[in-house]
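The following exercises introduce one structure step by step. Please look over the sequence and the model before beginning.

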Amino acid sequence: MIQVSHLTKYYGARSAVEDLTFEVAKGEIVGFLGPNGAGKSTTMKILSGFMPASEGNVTVAGFDVTKNPIELKRSVGYLPETPPVYGEMTVEDYVEFAAKLKQVPKTQLKKAVTYAVDRTGLGPVRKRLIGNLSKGYQQRVGLAQALVHNPPVMILDEPTVGLDPKQIIEIRELIKGLAGDHTVILSSHILPEVTATCHRIVVINRGKIAAVDTIEQLTSRLRKGLIYSMTVKTPLIQGIEALKQVSGVQSITQAGPKLVIEMRPGGAEIRDQLVEIAVAQKLGVLEFSAERVSLEEIFLQLTTEERPA
Ligand SMILES: Nc1ncnc2c1ncn2[C@@H]1O[C@H](COP(=O)(O)OP(=O)(O)OP(=O)(O)O)[C@@H](O)[C@H]1O
Ligand SMILES: [Mg+2]
């Protein structure tokens with residue numbers, strides 16, 4: 001749905017993003033994660049057709065950002081870093097205004113506004129002035145204007161910044177609900193944000209991609225060897241021995257009902273196999289999990305220095 005290939009953007013002589021290449025599949029939510037000044041907003045502006053690239057190719061929903069800018073813009077719902085909302089307008093009027101700007105046909109205006117307003121939970125406040133709404137609701141208005149022409153792709157620049165924890169959860173749920181029907185890219189410099197909402201993350205630092213991966217794979221890639229934890233009802237010695245024989249298992253330490261299974265670095269994914277053997281050996285598996293490295297840790301490993309603004 002989104003293809004970015006060797007994208008570079010210069011501001012004057014300085015590059016803000018350099019040689020970015022990644023793809024986003026239909027229906028996916030991808031998180032763009034990076035510290036301040038990493039180049040997130042720059043990339044999102046280019047992907048939405050609001051700023052030209054210096055080099056490289058970008059296609060969104062099959063439209064090339066330079067060859068078909070109008071069609072591309074029509075395919076994208078963009079929530080900029082500072083949402084373009086007008087305090088003196090009512091929610092409904094503003095969303096309708098946005099729909100007109102996006103050339104939603106006159107006959108479909110009402111339907112489009114209702115769709116965007118309902119989808120973003122603005123129904124109860126549709127007649128109120130935007131300026132009188134809470135920040136969270138204003139953010140929903142920003143989302144509604146991005147959604148009003150029902151674009152296949154949504155590009156959301158820091159959609160939960162400045163919101164309180166309850167509003168953050170609400171907006172996250174809203175965004176998750178958009179996936180499937182819409183392909184979503186959102187940016188954040190906050191780690192739990194991307195773990196909570198995204199299928200995959202693109203870590204960007206100093207204008208370059210530091211990693212593109214699922215959160216799970218990123219975690220195991222950076223880990224020396226994965227560690228699984230298994231809690232069993234009956235820790236029979238022969239069962240534990242059988243688990244130790246599984247290829248890829250480095251060691252198993254037992255503390256009462258809890259088995260800590262340490263894997264060899266770079267080994268294959270064999271969780272299924274471990275559980276099957278434990279079941280066959282009648283250990284009575286109560287719990288099985290991979291012990292994760294926190295995303296914070298990964299982020300720190302991938303993005304070390306701070307860049308002066
Ligand atoms: N209009 C501009 N002119 C010159 N330099 C710019 C411009 N916009 C951004 N930059 C620079 O480009 C780099 C990337 O900025 P960008 O806004 O894309 O980062 P960001 O990842 O969105 O950061 P933040 O988390 O602070 O929003 C920064 O070094 C910034 O100073
Ligand atoms: Mg930004």
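Two strands are said to pair if DSSP finds at least two bridges between them. Helices (H or I, at least four residues) and strands (E, at least two) are DSSP runs, numbered from the N terminus. The structure is a predicted model, in which local features need pLDDT of at least 70, side-chain atom pairs count only at pLDDT 80 or more, and totals for chains, interfaces and linings use all residues. Residues are numbered from 1 along each chain as its sequence is written, while chains are lettered from A and ligands numbered from 1 in the order in which they are written.

**Exercise 1.** Describe the sheet that contains β9 and β10.

Solution. Begin with the strand order: the open sheet has six strands, arranged β6-β7-β8-β3-β9-β10, with mixed pairing. Next, find its edges, which are β6 (76-79) and β10 (208-214), each pairing on one side only. On average, neighbouring strands are turned by 15° against each other, direction ignored. Then inspect one pair: six bridges connect β9 (residues 200-205) with β10 in the antiparallel sense, and Asn205 stands opposite Lys208 in β10. Finally, add the helix α5, which packs on the sheet and touches β6 and β7 (153-156). The direction of α5 makes about 160° with that of β6; axes are lines fitted to C-alpha atoms, for helices over the stretch in contact, and angles run from 0 to 180 degrees between N-to-C directions.

**Exercise 2.** Determine the order and the edges of the sheet that contains β1 and β4.

Solution. Four strands form this open sheet, in the order β2-β1-β4-β5 and with antiparallel pairing. At the edges stand β2 (14-24) and β5 (63-64); each has a single partner strand, so one side of each is left without a neighbour in the sheet. Within the sheet, β1 (residues 2-11) and β4 (residues 55-60) run antiparallel and are joined by five bridges. Thr8 has Glu55 in β4 as its bridge partner. Helix α1 lies across β1, β2 and β4, at about 120° to β1.

**Exercise 3.** Is Leu143 buried or exposed?

Solution. First locate the residue: Leu143 lies in helix α5. Then apply the criterion: a residue is buried if 20 or more other C-beta atoms lie within 10 Å of its own, exposed if 12 or fewer, and partly exposed in between, with C-beta atoms placed from the backbone. Leu143 has 25 other C-beta atoms within 10 Å and is therefore buried. Two residues are in contact if their C-beta atoms, placed from the backbone, lie within 7 Å. Setting aside neighbours within four places in sequence, Leu143 is in contact with Leu79, Thr120, Pro159 and Leu174.

**Exercise 4.** Identify the buried residues of helix α3 and some of what covers them.

Solution. In α3 (residues 91-101), the buried residues are Val91, Tyr94, Val95, Glu96, Ala98 and Ala99. Their cover includes α4 (109-119) and α5 (135-147). Just after α3, Gln103 takes a positive phi of about 60°.

**Exercise 5.** Which residues come nearest to ligand 1?

Solution. A residue counts as near a molecule or strand if its C-beta atom, placed from the backbone, lies within 6 Å of it. Of the 12 residues around ligand 1, Tyr11, Ala16, Lys40, Ser41 and Thr42 come nearest. Helix α1 (residues 40-47) gives the most to this shell, with three residues.
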